[in-house]
Structure formats: structure tokens, C-alpha cells
Amino acid sequence: MEAAGGGGGGGLSTMRAVLAILQWWGFNVTVIITNKWIFQKLDFKFPLTVSCVHFICSSIGAYVAIHVLKAKPLIQVEPEDRWRRIFPMSFVFCMNIVLGNVSLRYIPVSFMQTIKSFTPATTVILQWLVWSKHFEWRIWASLVPIVGGILLTSMTELSFNMFGFCAAMIGCLATSTKTILAESLLHGYKFDSINTVYYMAPFATMILALPAMLLEGGSVIDWFYTHDSIVSALVIILGSGMLAFCLNFSIFYVIHSTTAVTFNVAGNLKVAVAVLVSWLIFRNPISPMNAIGCAITLVGCTFYGYVRHLISQQQAVAPGSPRTNSPRSRVEMLPLVGDKQDKV
């Protein structure tokens with residue numbers, strides 16, 4: 001968290017937060033652009049294999065960070081909880097990453113990143129439909145610009161691909177499901193991003209390895225024999241896996257250097273940076289209405305985060321209010337969308 005002190009301490013804290021955000025942006029945008037480069041420029045059109053490489057690199061990186069570098073203490077998990085709690089979470093975690101890479105294989109970065117911004121809406125809707133939770137009107141109102149922006153962006157996307165669009169939307173549902181399940185399955189464990197990867201990435205590798213070999217193995221072998229500059233291509237593919245782990249490490253750093261509000265705003269600005277950089281590199285066509293739809297979505301996400309912050313502040317200031325003390329109030333003020341949700 002950012003220090004509240006003033007003077008030199010406040011300036012140092014601000015500088016630390018800015019550096020944390022910049023390195024987080026750098027790793028995040030680089031991972032996205034590298035993956036798109038692999039699919040489009042290297043013609044390595046195998047999202048399952050790319051995801052598997054990421055999981056293997058993340059497993060190794062997390063082991064080194066915890067056991068060799070001692071960057072974080074290992075959170076001990078009971079053996080039975082690894083299968084009863086961690087494995088189901090790892091399955092959803094795996095689907096989330098795979099679907100993100102599948103969508104990136106078929107649609108532009110700008111469109112994929114905009115669709116991912118739909119996650120707050122899918123999380124609230126899932127909790128309402130499946131878990132029968134209720135939220136006050138301000139939460140629902142804050143979702144309107146997000147939904148409207150996504151609809152406008154989808155209808156005006158010049159490089160629209162239905163398969164990639166569906167993969168990205170299902171990926172949003174997977175992200176929301178992971179967030180909601182974490183509340184119950186990981187209850188009692190306070191995982192940071194490094195420990196999350198340490199436990200989930202090996203399970204994700206185990207889950208994905210066989211499907212990747214069966215569905216893409218033959219085509220990957222053919223690519224090895226037909227692609228020029230195989231060494232440089234492999235360096236890029238393996239490098240994307242190492243960058244994926246570094247992204248998790250950067251999330252750990254930024255979470256501990258910023259406030260929830262700063263993290264929310266920086267996350268939405270990060271999407272804008274990724275969209276701009278991807279357009280500069282790949283030059284995918286973006287219509288004016290498409291750009292407006294993307295902007296509306298990002299503004300909506302920022303507004304949603306602001307509304308959640310206001311409600312959480314009200315709960316903190318007035319913990320004895322009738323609403324919070326009532327037995328299971330009909331209005332469950334806040335959805336289970338962590339302001340600082342760890343991402344892989």
C-alpha cells in the first residue's frame with residue numbers, strides 16, 4: 001500500500017508506485033504483443049502449445065523465486081487441499097489462459113483487450129444468476145457503459161472473427177468463475193501472485209499437456225521442419241513464457257506499491273496502452289466508432305471501480321449500519337471482484 005506520510009517519504013512512495021505501474025505495463029503489453037507476434041508473424045498458430053510453454057516457464061520461475069531467491073515465503077497447503085481446492089482452481093485458471101491465447105490467435109489485440117474489460121459485468125451477472133446475490137442499483141448502473149461499449153466495439157470491429165470473439169467472452173466467464181471460486185475454495189489461504197503460480201501452474205501444465213500434444217503435436221512438428229530461422233523463433237516462444245512469469249512477479253510488486261483505486265485506474269490505462277502499441281505494430285484497421293466503443297468500455301470500467309470503492313468506503317465508515325448488520329441483507333453491496341485480483 002502507498003504510504004500516507006508526506007515529505008520525502010511521500011515522494012519516495014509515489015515514485016515507487018509509478019515505477020511499479022510502469023514495469024507492470026511493460027511486462028503486460030510485451031507478453032500480449034509477443035504472443036500475437038508468435039501467432040501472426042512466426043505463423044506458430046498453436047495456442048495450446050504456447051499456453052503450455054507459459055505454464056512450464058511459470059512453474060520453474062515460481063520455484064526459483066520461492067526456494068532459491070527467497071522472494072516470498074512458501075504458503076503451506078495441506079496435501080488433501082491441493083486436490084480438493086487447488087486443482088479445481090487450476091483447471092479454471094488453465095481455461096482462462098488458454099482461451100485468452102485462442103482469442104488472440106483469431107482477433108486483434110485491441111478487440112481482445114476490450115472484450116476482457118467485460119469481466120466485471122460477467123462477474124456480477126454470474127453471482128446474481130448462479131449464486132443469487134443481489135447488488136444495489138449503483139453497481140448495475142456502473143455496468144451500463146461497459147456493456148454498451150462492448151456492444152459498440154463488437155458491431156464495428158473490422159477484423160471480427162466469431163470463434164475468437166466467443167473464446168474471449170468465455171474467457172471472461174472463466175476469469176469471473178476463478179474470482180468467485182477463490183472466495184470459497186481458497187478460504188483460509190492468503191495467496192499472493194507468486195504462490196498462486198507456484199501451486200496452479202504445475203496442475204495447469206498437467207491438465208493441458210495431453211490435449212496440446214493430441215490436438216497440435218503433429219502440426220508443431222511440421223512447423224519445425226518448414227519454418228525458417230527456427231532458433232530465433234524458439235527464443236521468442238520461450239521468451240514469451242519467461243515474460244509471462246515476470247508479469248506475475250510485476251503484479252506482486254504493483255499490488256504492494258499502490259492503492260486499490262490507483263491499481264484500478266492503472267489497469268484500465270494499461271488496456272489503452274496495449275491497444276495503442278498493438279495498433280502501431282500490427283496496424284490492424286480500427287474504425288472511429290470502434291475506437292469510441294473501446295474508450296466507452298474503459299471509462300465504464302474506471303467508473304465501476306470508482307463505484308465499488310465508494311461503497312466499500314461507506315461500509316468501512318459505517319460498519320454498524322442496519323444494512324451491514326442485518327442477517328443476510330437482500331442487497332449484498334459488493335460483488336466478488338477483487339480490486340487487486342492477481343492475474344497470470
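Met 213 is exposed, with a relative accessible area of 56%, where exposed means over 50%, buried under 20% and partly exposed in between (1.4 Å probe, protein chains only). Met 213 belongs to helix 8 (residues 193-226); helices here are DSSP runs (H or I, at least four residues), numbered from the N terminus. Its C-alpha atom is 8.8 Å from that of Leu 48, although 165 residues separate the two along the chain.

The model is predicted, so local features need pLDDT of at least 70 and side-chain atom pairs count only at pLDDT 80 or more, while totals for chains, interfaces and linings use all residues. Residues are numbered from 1 along each chain as its sequence is written, and side-chain values use heavy atoms, with hydrogens and water left out.

**Confidence**

The protein chain has a mean pLDDT of 86, with 89% of its residues at 70 or more; pLDDT is the predictor's confidence in each residue, from 0 to 100. Helix 2 has the highest confidence in the chain, at 95, and helix 12 (residues 322-325) the lowest, at a mean of 43. Two stretches stay under 50: residues 321-333, with 24 contacts beyond four places in sequence, and residues 338-344, with 26 such contacts. A contact means heavy atoms within 4.5 Å.

**Helices 1 and 2**

Asn 28 is part of helix 1 (residues 7-40). With a relative accessible area of 11%, Asn 28 is buried. Beyond residues up to four places away in sequence, Asn 28 touches Leu 247 and Lys 270.

Helix 2 (residues 47-68) contains Ile 56, and Ser 51 is also found in helix 2. Ser 51 counts as buried because its relative accessibility is 0%. Its contacts, leaving aside neighbours within four places in sequence, are with Ile 97, Val 98, Asn 101 and Leu 208. Ile 56, in contrast, counts as partly exposed at 40% relative accessibility.

Ile 56 also contributes to a nonpolar surface patch of about 570 Å², made together with Ile 60, Tyr 63, Val 64, Val 68 and Leu 69. Patches are made of residues with over 30% relative accessible area and no salt bridge; like charges are joined within 9 Å, and nonpolar side chains (Val, Leu, Ile, Met, Phe, Trp, Tyr) within 5 Å. A salt bridge is a side-chain nitrogen of Lys or Arg within 4 Å of a carboxyl oxygen of Asp or Glu. Accessible areas come from the Shrake-Rupley method with a 1.4 Å probe, and for residues only the protein chains shown count as cover.

**Helix 11**

Helix 11 (residues 288-317) has 30 residues and spans 43 Å from its first C-alpha to its last, close to the expected 44 Å. That expected span is 1.5 Å times one less than the number of residues. Buried residues in helix 11 include Asn 290, Gly 293, Cys 294, Thr 297, Gly 300, Cys 301, Tyr 304 and Arg 308. Their cover includes helix 4 (109-116), helix 5 (119-129), helix 6 (137-156) and helix 10 (260-282).

**Positive phi in loops**

Two residues other than glycine have positive phi values, Asp 43 and Arg 283.

| Residue | Loop | Phi | Relative accessible area |
|---|---|---|---|
| Asp 43 | between helix 1 and helix 2 | near 60 degrees | 41%, partly exposed |
| Arg 283 | between helix 10 and helix 11 | near 55 degrees | 51%, exposed |

Technical notes:
Helix = DSSP H or I, 4+ residues; strand = E, 2+ residues; numbered from the N terminus.
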